[in-house]
Amino acid sequence: EVSHRDVGIGVSQVLPVLAAAYGSSRRLWAIEQPEIHLHPALQADMGDVFVESALGPSHNRFILETHSEHLVLRLLRRIRERYEGDASPDAPPLTPEHVQVLYAKPSDTGTQLHAIPIAEDGDFAEPWPDGFFSEREEELF
């Protein structure tokens, strides 16, 4: 057992997010960095929370501002699993149409939004602008 004082700030920050996802129905939630201060595995698990809350009986909608590659990769994985027929029978059928990824880039004329399309197989259809999320490739290769 671990005391609430020993688990770090991430748990206290994620509790309101979980309450919103599981305790509401047909709501629109805008959440800034829902993954903040969480272990990478839990960041990925947050992706499943949002999918379940959006496509399950709650029918919530989420606008998420995130820097978590782990969360984004989980969403892509769930799309890929559905595409390949490997999804759990209990999993909501996540498709590219359910997810809109926008990259916000500041400019002299204001913030420019760039849509990053997702292919049916759960991969990005075009590269991220400005090398965003390029650290993964650099670390792996």
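Is Ser53 buried or exposed? Ser53 is buried, at a relative accessible area of 2%. Buried here stands for under 20% relative accessible area, exposed for over 50%, and partly exposed for what falls in between, with a 1.4 Å probe and protein chains only.

Before I go on, the basis. This is a predicted model, in which local features need pLDDT of at least 70 and side-chain atom pairs count only at pLDDT 80 or more, while totals for chains, interfaces and linings use all residues. Residues are numbered from 1 along each chain as its sequence is written, and side-chain values use heavy atoms, with hydrogens and water left out.

Now the overall layout. The protein has four helices and four strands, in the order α-β-α-β-α-β-β-α from the N terminus. Both are DSSP runs numbered from the N terminus: helices are H or I with at least four residues, strands are E with at least two. There are 141 residues, and 33% of them count as buried. The exposed area is about 9,400 Å², of which carbon and sulfur atoms supply 53%; accessible areas come from the Shrake-Rupley method with a 1.4 Å probe, and for residues only the protein chains shown count as cover. Take contacts, meaning heavy atoms within 4.5 Å. Among those between residues at least 6 apart in sequence, 61% join residues at least 24 apart.

Back to the serine. Ser53 sits in helix H2, residues 40–55. Apart from neighbours within four places in sequence, Ser53 touches Ala21, Ser58, His59, Asn60 and Phe62.

A second serine, Ser68, is in the loop between strand S2 (61–65) and helix H3 (69–84). Ser68 is buried, also with a relative accessible area given as 2%. From Ser68 to Pro34 the C-alpha distance is 9.0 Å, with their positions 34 residues apart in sequence.

Next, charges. Side chains of opposite charge can pair when their charged atoms come close. I count a salt bridge when a side-chain nitrogen of Lys or Arg is within 4 Å of a carboxyl oxygen of Asp or Glu. That rule gives six salt bridges.

One of them joins Asp45 and Arg74, at 3.1 Å from N to O. Asp45 is in helix H2 and Arg74 in helix H3, so this pair ties together parts 29 residues apart in sequence. Asp45 is partly exposed at 35% relative accessibility, whereas Arg74 is buried at 11%.

Asp48 and Arg78 also meet in a salt bridge, 2.7 Å from N to O. Here Asp48 belongs to helix H2 and Arg78 to helix H3, so the pair ties together parts 30 residues apart in sequence. Asp48 is partly exposed, with a relative accessible area of 24%.

Within helix H3, Glu81 pairs with Arg77, the closest N and O atoms being 2.9 Å apart. The two are four residues apart, which means about one helical turn separates them. Glu81 is buried at 16% relative accessibility, and Arg77 is partly exposed at 34%. Through shared partners, salt bridges join Asp45, Asp48, Arg74, Arg77, Arg78 and Glu81 into one network.

Last item: which residues form the negative surface patch? They are Glu84, Asp86, Asp121 and Asp123. Patch residues have over 30% relative accessible area and no salt bridge, with like charges joined within 9 Å and nonpolar side chains (Val, Leu, Ile, Met, Phe, Trp, Tyr) within 5 Å. Lys and Arg count as positive and Asp and Glu as negative, without His or the chain ends, and each charge is placed at NZ of Lys, CZ of Arg, CG of Asp or CD of Glu. Asp121 lies in the loop between strand S4 (112–115) and helix H4 (135–140), and is partly exposed at 34% relative accessibility.
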